[in-house]
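Biologist: Please take me on a close look at the interior of this protein and the metal site beside it. I would like one connected account, with the cut-offs spelled out as you go.

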Amino acid sequence: MQGGLFGDETATENCIFCKIIAGKAPGHILYRNDEVMCFLDIAPVSAGHTLIIPLKHHDNIFTLNDAEATALAIQARRLAPIVKRVTGADGLGVHQLNGRAAGQTVFHYHTHLIPCFHGKPMQIHGRKPASQDSLADMAERLRTALK
Ligand code: 5GP
Ligand code: ZN
């Protein structure tokens, strides 16, 4: 289990997502450029649950600048149809929480892409970590589809 799961990260040096960016913690990475990184959520609501983060640490939306917000939105729009298609989802939730009061649990800004299915109640948080094998398999399928 990685340290940040449901943790309370407030400082960059203790931030699990900064550690994944720096290669100091494992992550199933789908895509990265100079501004953003996209990787699989360790405890997916459903297979293919993806997180999109800025490389620069921001706790939440309140300090993001326009260029960072644009770069994040571009990747959400680019990945959304691919995640939906690869997972066979009926719909896709795009969610983003800011502050503990809003339910945020990792304090490095991130957008969730969550595959949704008819008859399955909508959730933002998964209940348990997925197996490393299932995450690796899904990451490979998504990386191939992104090419
Ligand atoms: P939030 O509640 O802040 O919107 O969502 C944080 C998300 O980060 C949760 O869905 C949680 O499962 C995920 N998460 C927490 N720790 C880790 C980790 O170490 N690696 C990955 N890939 N995801 C994590
Ligand atoms: Zn961070």
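Modeller: Happy to! Let's start with a ring and a charge: the charged end of R78 sits over the ring of Y31, 4.2 Å from the ring centre (for this, NZ of Lys or CZ of Arg must be within 6 Å of the ring centre and within 35 degrees of the ring normal). Please keep in mind that this is a predicted model, in which local features need pLDDT of at least 70 and side-chain atom pairs pLDDT 80 or more, while totals for chains, interfaces and linings use all residues. Residues are numbered from 1 along each chain as written, chains are lettered from A and ligands numbered from 1 in the order written, and side-chain values use heavy atoms, without hydrogens or water.

Now to the interior. The largest nonpolar core has 20 residues, and L30, L40, I52, L72, L79, L113 and L142 touch the most other members (a core joins buried Ala, Val, Leu, Ile, Met, Phe, Trp, Tyr and Cys through side-chain atoms within 4.5 Å; buried is under 20% relative accessible area, exposed over 50%, partly exposed in between, with a 1.4 Å probe and protein chains only). Two or more residues each come from β2 (36–40), α2 (66–87) and α3 (132–146) (DSSP runs numbered from the N terminus: helices are H or I of at least four residues, strands E of at least two). Helix α2 gives the largest share, seven residues.

L40 shows how these parts meet. Beyond its neighbours within four places in sequence, L40 is in contact with H28, L30, G48, H49, T50, L135, M138, A139 and L142 (contact is heavy atoms within 4.5 Å). Another core, of 13 residues, lies apart from the largest one and includes C15, F17, I53 and V106.

F17 takes us to the one aromatic pair that a search of the whole structure finds. Its partner is F39, and the pair is edge-to-face, 5.2 Å centre to centre with 85 degrees between the planes (Phe, Tyr and Trp rings, the six-membered one for Trp, pair with centres within 6.5 Å; under 30 degrees is stacked, over 60 edge-to-face, the rest tilted). Because F17 lies in helix α1 and F39 in strand β2, the pair ties together parts 22 residues apart in sequence. F17 is buried at 7% relative accessible area, and F39 is buried at 2%.

C15, a member of that 13-residue core, also brings us to the metal. The zinc ion (ligand 2) has C15 (SG), C18 (SG), H57 (ND1) and H108 (ND1) as protein donors, 2.0 to 2.3 Å away (donors are N, O and S atoms within 2.8 Å of the metal, or 3.2 Å for Na, K and Ca). The donor residues are spaced C-x2-C-x38-H-x50-H. C18 belongs to helix α1 (residues 16–21) and H108 to the loop between β4 (91–95) and β5 (111–116), so this pair ties together parts 90 residues apart in sequence. Both count as buried: C18 has 15% relative accessibility and H108 has 0%.

Just along from that loop, strand β5 holds H112, which is buried at 4% relative accessibility. Leaving out residues up to four places away in sequence, H112 touches D41, H49, T50, L51, G93, V94, H95 and I124. H49 and T50 are also among the contacts of L40, which brings us back to the largest core.
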